[in-house]
Amino acid sequence: MSEDWNAVAAEVEAALQSIGDTSEPNGHPAVIRKVVPGVVDPDEPWVPVTDTITYHQVVVLISDTELRDINGTLIGQTKRTVTISGAAGVVPHDDDRIVLGMTSAQVTAAGDANVAWKEIDTVKPLSPAGVAVLYDLTLVS
């Protein structure tokens, strides 16, 4: 009998939502910022092109790992990994940005330029049978 990975992704999303309250130690709201580049109108190439920015609210788990050198000595750097559900309605990309601890409404109220966006270094999907169940995002330090 084959596994219904879409149902598993939905279960993961429900689990993240259940611990995603900001009062919980490892579950937080976050917003992913996606930029869709504008397209030049060939009939009016002199008209400035504007990009479209969209915000996608997600619930994340945050994991910080202290990095060590080859001998096992701590080097004073930390790697932050953020995990989101594959059923969150957004496919993250390393060109996107993320802010932790804010909702879409808070980002909109603050204004895009006033938000401390973090860069995403890598995106690693957990995709059994081609269905994304989780995404691990490594943030730039």
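User: Is D96 buried or exposed in this structure?

Analyst: Start from the cut-off: a residue counts as buried under 20% relative accessible area. The model is predicted, and in it D96 has a relative accessible area of 5%, so D96 is buried. D96 sits in the loop between β3 and β4.

User: Which side chain makes a polar contact with the side chain of D96, and which backbone nitrogen lies 2.9 Å from a polar atom of that side chain?

Analyst: For a buried charged residue, list the polar partners and then the remaining contacts. The side chain of K34 makes a polar contact with the side chain of D96, at 2.7 Å. The backbone nitrogen belongs to H93, and lies 2.9 Å from a polar atom of the D96 side chain. With neighbours within four places in sequence left aside, D96 is in contact with I32, R33, K34, V91 and I120.

User: V91 appears in that list. Where does V91 lie, and is it buried or exposed?

Analyst: Residues of one loop can differ in accessibility, and each is read separately. V91 is in the loop between β3 and β4. Its relative accessibility is 54%, so V91 counts as exposed. Beyond neighbours within four places in sequence, V91 is in contact with K34, D96 and Y135. A C-alpha distance gives another view of the fold: V91 and V123 are 32 residues apart along the chain, and their C-alpha atoms are separated by 9.5 Å.

User: R33 is another contact of D96. How should I read R33, and what does its side chain make a polar contact with?

Analyst: Take location, accessibility and partners in turn. R33 is in strand β1. Its relative accessibility is 16%, and therefore R33 counts as buried. The R33 side chain makes a polar contact with the side chain of D112 at 2.8 Å. Not counting residues up to four places away in sequence, R33 touches I53, T54, Y55, D96, R97, D112 and W117. One of these contacts has a specific geometry: R33 lies over the face of W117, at 5.9 Å from the ring centre.

User: How many aromatic pairs are there, and how is such a pair described?

Analyst: A pair of aromatic rings is described by the distance of the centres and the angle of the planes. A search of the whole structure finds one aromatic pair. It is formed by Y55 and W117, which are stacked, with 5.9 Å centre to centre and 5° between the planes. The partners come from distant parts of the chain, 62 residues apart: Y55 is in strand β2, and W117 is in the loop between α2 (104–110) and β5 (118–126). Y55 has 26% relative accessibility and so counts as partly exposed. W117, at 18%, counts as buried.

User: Where is the nonpolar interior, and which residues have the most contacts inside the largest core?

Analyst: In soluble globular proteins, nonpolar side chains tend to be buried together. Here the largest nonpolar core has 14 residues, and those with the most contacts inside it are I32, V58, V60, V82, I84, I98 and L137. Strands β1 (27–36), β2 (52–68), β3 (74–85) and β6 (134–139) each supply at least two of its residues. A second, separate core has six residues, including V99, M102, V107 and V115. For a closer look at one member of the largest core, take V82: leaving aside neighbours within four places in sequence, V82 is in contact with V60, L61, I98, L100, Y135, D136, L137 and L139.

User: What is the order of the elements, and how many residues count as buried overall?

Analyst: Read the order from the N terminus, then the totals. The protein has two helices and six strands, in the order α-β-β-β-β-α-β-β. Of its 141 residues, 28% count as buried. Among contacts between residues at least 6 apart in sequence, 57% join residues at least 24 apart.

User: Where is confidence lowest, and where is it highest?

Analyst: Where pLDDT is low, the predicted coordinates should not be read in detail. The mean pLDDT of the protein is 81, and 84% of its residues reach 70 or more. Confidence is lowest in α1, at a mean of 67, and highest in strand β4 (residues 97–100), at 94.

User: What can be said about E11, which lies in helix α1?

Analyst: Give location, accessibility and a distance. Helix α1 spans residues 5–19 and contains E11. With a relative accessible area of 55%, E11 is exposed. The C-alpha atoms of E11 and A87 are separated by 8.8 Å, with their positions 76 residues apart along the chain counted as sequence separation.

Technical notes: Residues are numbered from 1 along each chain as its sequence is written. This is a predicted model: local features need pLDDT of at least 70, side-chain atom pairs count only at pLDDT 80 or more; totals for chains, interfaces and linings use all residues. Side-chain values use heavy atoms; hydrogens and water are left out. A nonpolar core is a set of buried Ala, Val, Leu, Ile, Met, Phe, Trp, Tyr and Cys residues joined through side-chain atoms within 4.5 Å. Buried means under 20% relative accessible area, exposed over 50%, partly exposed in between (1.4 Å probe, protein chains only). Helices (H or I, at least four residues) and strands (E, at least two) are DSSP runs, numbered from the N terminus. Contact means heavy atoms within 4.5 Å. A polar contact is a pair of N or O atoms within 3.5 Å; within protein, one must be able to donate a hydrogen and the other to accept it, and residues adjacent in sequence count only if both atoms are side-chain atoms. Rings of Phe, Tyr and Trp (its six-membered ring) pair if their centres lie within 6.5 Å; planes under 30 degrees apart count as stacked, over 60 as edge-to-face and the rest as tilted. A charge sits over a ring if NZ of Lys or CZ of Arg is within 6 Å of the ring centre and within 35 degrees of the ring normal. pLDDT is the predictor's confidence in each residue, from 0 to 100.
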